[in-house]
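Reader: Before I accept any label attached to this model, I would like to see each value set against the rule behind it. Could we go through the terms one at a time?

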Amino acid sequence: MNLTIKDVERLQQNLQEEQHDYQIELQEGHILLMGPSDIESSEIGAQLIFLLKLWVNPRKLGRIFDSSGGFIMPNSDLRAPDVSFVAAARLKRTLRDFAELVPDLVVEIKSKTDRISKLEEKVKLFLELGARVGMLINPDELTVIVYRLHGEVEVLAGEDKLTIVELFPGWEVAISELWPPVFE
């Protein structure tokens, strides 16, 4: 049986009433339930959001979303990247609902239990459906893989600079700034 967005909304309502907190996605008519991620992955996502918002907000370039932001894809899937960006021209006003569009930037951050191949598939599907840039952050390898249209792939590590000129002209950050600090 293929489920729909309405089925997801009903399931979310039932889980809320029972005080369960799961992230739910819909992929090819099947429900995907995800529990919380590990705190290192969460901190990396928060840091990336912080660094992006410092650049995006003053320039009014668009909107940054965390892993709770759901997007209804052209193929009827409901997906929620760990971090995403939508250009201002495409989403002039925030909605009190899922957005029916593909984000311009999608970022997946590997949690300790994730498989890289599944995350790569998810990022590549977003690109096929209209995202302009995809990123896969792998804390285990301390790498960031940037996927662009036309199959361009860039692997960054250490002091390499992450730039996304298609969306954030002039913005750059050292990959090392994404990793959580160690307090001695």
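Author: Let us begin with contact, which means heavy atoms within 4.5 Å. The model is a predicted one, and in it Phe168, leaving aside neighbours within four places in sequence, is in contact with Leu52, Trp55, Val56, Leu61, Phe85 and Leu105.

Reader: What makes Phe168 count as buried or exposed?

Author: Buried means under 20% relative accessible area, and Phe168 has a relative accessible area of 0%, so Phe168 is buried. Phe85, at 0% relative accessibility, counts as buried by that cut-off, and Trp171, with a relative accessible area of 5%, is also under 20% and therefore buried.

Reader: Why is the pair of Phe85 and Phe168 called edge-to-face?

Author: Two conditions have to be met, namely ring centres within 6.5 Å and, for this label, planes over 60 degrees apart. Phe85 and Phe168 have 4.8 Å centre to centre and 75° between the planes, so the pair is edge-to-face. Because Phe85 lies in strand β6 and Phe168 in the loop between β11 (161–163) and β12, the pair ties together parts that are 83 residues apart in sequence.

Reader: How do you know that Phe168 and Trp171 form an aromatic pair, and of what kind?

Author: Their separation is 5.8 Å centre to centre, which is within the 6.5 Å limit, and the 75° between the planes is over 60, so this pair too is edge-to-face. Ring pairs thus link Phe85, Phe168 and Trp171 into a cluster.

Reader: What makes a set of residues a nonpolar core, and which residues have the most contacts inside the largest one?

Author: The members must be buried residues of nonpolar types such as Leu, Met and Phe, joined through side-chain atoms within 4.5 Å. The largest such core has 29 residues, and those with the most contacts inside it are Leu105, Met135, Ile137, Phe168 and Trp171. The largest share of this core, seven residues, comes from α2.

Reader: How do you know that the span of α2 is close to the expected one?

Author: The expected span is 1.5 Å times one less than the number of residues; helix α2 (residues 39–59) has 21 residues and reaches 30 Å from its first C-alpha to its last, against an expected 30 Å, so the two agree closely. Even so, α2 bends by about 35° at Lys53.

Reader: Why is Asp38 said to cap α2?

Author: A side-chain oxygen of Asp38 lies 3.2 Å from the backbone nitrogen of Glu40, and this is within the 3.5 Å limit for a polar contact, so Asp38 caps the N-terminal end of α2.

Note on methods:
Residues numbered from 1 in each chain as written. Predicted model: local features only at pLDDT ≥ 70, side-chain atom pairs only at ≥ 80, totals over all residues. Heavy atoms only, no water. Helix = DSSP H or I, 4+ residues; strand = E, 2+ residues; numbered from the N terminus. Bend = angle between axes of the 7 residues up to and from the residue. Polar contact = N/O pair within 3.5 Å; in protein donor to acceptor, adjacent residues only side chain to side chain. Buried < 20%, exposed > 50% of the residue type's maximum accessible area, 1.4 Å probe, protein only. Phe/Tyr/Trp six-rings, centres within 6.5 Å; stacked < 30°, edge-to-face > 60°.
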